[in-house]
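Here is a protein chain to look at, one step at a time. Have the sequence and the 3D view open, and let's walk through them together.

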Amino acid sequence: MKPVRTVATAAAVLFVAHAAFAHVTVWPQQSRAGMAERYTVRVPTERNVSTVSVEVDVPAGVTVTGILAPAGFTYDVKRDGTRIVAITWTQEIKAGEVGEFVFFARNPRGTQIVWKAHQRYADGQMDDWIGPADDRRPAPIVSLTAR
C-alpha cells in the first residue's frame, strides 16, 4: 500500500502546486511582431466562488480585428474613437473550472505585449492580473519575435 499512498500524495502535491500558480493567461505566449494572431484568454476560477467576468485591456499598438462569440457568454468593448481598448467577457466560470475567450488582433512592433486583466467574482471581489512576471498576480505577456 505504501507505493499507492506515495503516488497519491505526489499527485496531490502537484495539483496544489499547479493551482497555486494558476492565473489569467493569454495564448499563444509567443507571436510575431506586426502579424495578425488568434489569441485565447484562459481564465481559471481559483476561489470558492464563481468568476462572473474578465476584462482585458488592449495595449497601445495592438489592433483588435475580431472577437469570437460562441453561445454561453456575452462580451462588451470599450473604445477610444474607433480603436478597441478593452474587452469584457461575461460568463459564469464555476470554482475549479476554466473559461476561454478568443479574439483576433494585429500585433504591434516591439518585443512583447503585456495584457492587463481584471477578473471579477460573484461575491464582488476582483483580482487584477497587472503585475510584473514575478508578482503574485502577473499580467499575461506575449513575447514577440521579428518578422
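Let's begin with the surface: the chain exposes about 8800 Å², and carbon and sulfur atoms supply 57% of that area. Keep in mind that you are looking at a predicted model. Of the 147 residues in the chain, 35% are buried.

What is the chain built from? It has 1 helix and 12 strands. Read from the N terminus, the order is α-β-β-β-β-β-β-β-β-β-β-β-β, so the helix comes at the start, by the numbering of elements from that end. The contacts reach a fair way along the sequence too: among those with a separation of 6 or more, 67% are between residues 24 or more positions apart.

**The open sheet**

Now find the open sheet of 5 strands, which has the order 6-7-4-10-11 and antiparallel pairing. Which strands stand at the edges? They are strand 6 (74–80) and strand 11 (126–129); each has a single partner strand, so one side of each is left without a neighbour in the sheet. On average, neighbouring strands of this sheet are turned by 15° against each other, direction ignored.

Here are three of the pairings, with the bridges that join them:

| Strand | Partner | Bridges | Direction |
|---|---|---|---|
| Strand 4 (residues 51–57) | Strand 7 (residues 83–93) | 6 bridges | antiparallel |
| Strand 4 (residues 51–57) | Strand 10 | 6 bridges | antiparallel |
| Strand 10 (residues 116–121) | Strand 11 | 4 bridges | antiparallel |

Strand 4 is a good place to zoom in. It is mostly covered, with 5 of its 7 residues buried. Pick out Val-56: it stands opposite Ile-87 in strand 7, and it also stands opposite Ala-117 in strand 10. Then hop over to Ala-117, whose bridge partner in strand 11 is Trp-129. You can follow that trail across the sheet in your viewer. While you're there, remember a handy rule: in a regular strand the side chains alternate between the two faces of the sheet.

**A lysine in a loop**

Where does Lys-94 sit? Its place is in the loop between strand 7 and strand 8 (98–106). Lys-94 has 47% relative accessibility, and because exposed would need over 50% while buried would need under 20%, it counts as partly exposed. Leaving aside its neighbours within four places in sequence, Lys-94 is in contact with Thr-45 and Ser-50. The C-alpha atoms of Lys-94 and Arg-47 are separated by 9.0 Å, although the two residues are 47 residues apart along the chain.

Arg-47 has a story of its own: it lies over the face of Tyr-121, at 4.4 Å from the ring centre.

**Rings that meet**

Next, the aromatic side chains. A pair of aromatic rings is described by the distance of the centres and the angle of the planes. How many aromatic pairs are there? The count comes to 6. One of them joins Phe-103 and Trp-115 edge-to-face, at 5.3 Å centre to centre with 75° between the planes. This pair links distant parts of the chain: Phe-103 is in strand 8, while Trp-115 is in the loop between strand 9 (112–114) and strand 10, 12 residues apart.

Are Phe-103 and Trp-115 buried or exposed? Both are buried. They also belong to one aromatic cluster, together with Tyr-39, Phe-73, Trp-89 and Phe-101.

Terms used:
Residues numbered from 1 in each chain as written. Predicted model: local features only at pLDDT ≥ 70, side-chain atom pairs only at ≥ 80, totals over all residues. Heavy atoms only, no water. Pairing = 2+ DSSP bridges. Helix = DSSP H or I, 4+ residues; strand = E, 2+ residues; numbered from the N terminus. Axes fitted to C-alpha atoms, helices over the stretch in contact; angles between N-to-C directions. Buried < 20%, exposed > 50% of the residue type's maximum accessible area, 1.4 Å probe, protein only. Contact = heavy atoms within 4.5 Å. Areas by Shrake-Rupley, 256 points an atom, 1.4 Å probe, with all protein chains shown as cover. Phe/Tyr/Trp six-rings, centres within 6.5 Å; stacked < 30°, edge-to-face > 60°. Lys NZ or Arg CZ within 6 Å of the ring centre and 35° of its normal.
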